[in-house]
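Hello! Here is the structure I promised to pass on to you. Have a look at it first, and then read on for my notes on what turned up.

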Amino acid sequence: MAGVLVDVHCHYLPASLAGFLRGRRAGARILASSGGELIDSGNGLVYPVFPPLIDLDLHRERMEARGVATTLLSIPPGPDALPAADAVAAARAANDELAELPAGLAGLAFLPLSSPADAEAELRRAARLGLAGGQLFSNIAGRPLDDEDFQPIFATAAELGIPLVLHPAMPMDGGATAGPELLTALGFVFETSACAARIAGTGVFERHPDLMLVLPHAGAALPVLMERLDLELAALGGGGRLEAPLSEQLRRLYVDAITPSPQALRLALDMFGVERVLYGTDEPFWTAGVCDTTLDRVDLAGEERELIESGNAERIFQLLQRRR
């Protein structure tokens, strides 16, 4: 591990949102079990309420022990499945809490994406509150993010100069990857890859050159597939509404470095460039050592590693200004 760290991918459930989920009896909710609480997304995704999800002190202890300057906290999957009638109030309360995080912690806005117009308005409000960016999920109850109704969110993020971070949700068509052994390892990777490709295919980066969209887990499968996408689109006559090939659109993405594979990270660096790769942990679902070990196994110059571990995140999330 070298230098100061900025963790752009770490999860937390604000107290207001946890309390709201505990009070629900159907759909997305928190359930009591003999082994502790569980987050039930209401769509088949169920996982434990790991202690760091609800305890800021645990995050701060980890940061102090590892030399982490800033951690960006985002909502884990589950609350993304809230219906519009509940999502707006839940998002406002959660973002009010995230705006009051102690020094060293910054929040990514939880957006009520089940109501795109309200999500765009909440992103503007979150920016006024000082949140570092906004969080998207790869689909909203089966509705893809390339739907025209979501375009104002991308336009607003570009206008405000704040990044959007894309996190996987329960795959829209998850039959082939159903079950705990494939859902997160393969289903989430396919889901975010398809989502990012569809968003880029709308020409959103051509309309909004300043848009900053972050794709987790070393760009998922896209570094392997970008050139194939170009070939297939050309052969099938697709991509006609884009001014440049889809691969060039996708290279506008930012990605995090969370992967156990040095080969995957090397490919992401080759495809996106070192200035678009960010350090992260995905705690508490993964451990901090995953990204550290992979970075150690990739041949990086000192200035390249510094960009990944802190410089890129400080630039796009404007963290230096937020610390002042």
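**Notes on the model**

P284 sits in the loop that runs between β13 (277–278) and α12 (288–296). The peptide bond leading into P284 from E283 is cis, with omega near 5 degrees. Please keep in mind as you read that this is a predicted model.

**Backbone spots to look at**

Two other places caught my eye for their backbone angles. A141 has a phi near 50 degrees, a positive value in a residue other than glycine. You will find A141 in the loop between β8 (139–140) and β9 (143–144). A141 is exposed, because its relative accessible area of 75% is over the 50% cut-off. H217, in helix α8, also is not a glycine and has a positive phi, of about 60 degrees. H217 comes up again below, in the pocket.

**The nonpolar cores**

The largest nonpolar core has 61 residues. Those with the most contacts inside this core are L113, L136, I153, L164 and L253. If you would like a place to start, try L113: leaving aside neighbours within four places in sequence, L113 is in contact with A119, Q135, L136, F137, I140, F150 and I153. Another core lies apart from the largest one and has 20 residues, including A18, L21, L45 and A90.

L21 also leads us to R29, since L21 is among the residues that R29 touches. The others, not counting residues up to four places away in sequence, are R24, L38, I39 and D40. R29 is in strand β2 (residues 29–33). Is R29 buried or exposed? R29 counts as buried, because its relative accessibility of 18% is under the 20% cut-off. A polar atom of the R29 side chain lies 2.7 Å from the backbone oxygen of G27.

**N139 and its partners**

N139 is another residue worth opening in your viewer. It is in strand β8, and with a relative accessible area of 3% N139 is buried. What do polar atoms of its side chain lie close to in the backbone? One is 2.9 Å from the backbone nitrogen of G142, and the backbone oxygen of M170 lies 2.8 Å from a polar atom of that N139 side chain. Beyond four places in sequence, N139 touches D80, A169, M170, P171, M172 and E191.

**The largest pocket**

Now for the pocket. About 720 Å³ of space lies in the largest one, and 33 residues line it. Nearest the centre of this pocket are T184, A185, F188, H217 and W286. Which helix gives the most to the lining? That is α6, with 6 residues. The elements that each supply at least two lining residues are β1 (5–11), β4 (46–48), α6 (183–201), α8 (216–219), α9 (222–236) and α11 (262–272). By class, the lining has 23 nonpolar, 9 polar and 1 charged residues.

**In and around α11**

L267 is in helix α11 and is partly exposed, with a relative accessible area of 27%. Leaving aside neighbours within four places in sequence, L267 is in contact with P223 and V224. The C-alpha atoms of L267 and A196 are separated by 17 Å, with their positions 71 residues apart along the chain.

S261 is in the loop between β12 (254–256) and α11. S261 counts as partly exposed, at 22% relative accessibility. Its side chain makes a polar contact with the side chain of Q263, at 3.2 Å. S261 and T294 are 33 residues apart along the chain, and their C-alpha atoms are separated by 6.3 Å.

**The loop after β9**

D146 belongs to the loop between β9 and α5 (151–160). D146 is partly exposed, with a relative accessible area of 22%. D146 and T202 are 56 residues apart in sequence, yet 6.8 Å apart in space from C-alpha to C-alpha. Not counting residues up to four places away in sequence, D146 touches Q151, R198, I199 and T202.

Happy browsing!

Definitions and conventions: Residues numbered from 1 in each chain as written. Predicted model: local features only at pLDDT ≥ 70, side-chain atom pairs only at ≥ 80, totals over all residues. Heavy atoms only, no water. Core = buried A, V, L, I, M, F, W, Y, C linked by side-chain atoms within 4.5 Å. Buried < 20%, exposed > 50% of the residue type's maximum accessible area, 1.4 Å probe, protein only. Contact = heavy atoms within 4.5 Å. Helix = DSSP H or I, 4+ residues; strand = E, 2+ residues; numbered from the N terminus. Polar contact = N/O pair within 3.5 Å; in protein donor to acceptor, adjacent residues only side chain to side chain. 1 Å grid on protein atoms, 1.4 Å probe; cavity = no way out; pocket = protein on both sides within 12 Å on 5 of 7 lines; lining within 4 Å. Points joined across faces, edges and corners; volume = space filled by probe spheres on them. Nonpolar A, V, L, I, M, F, W, Y, C, P; charged D, E, K, R; others polar.
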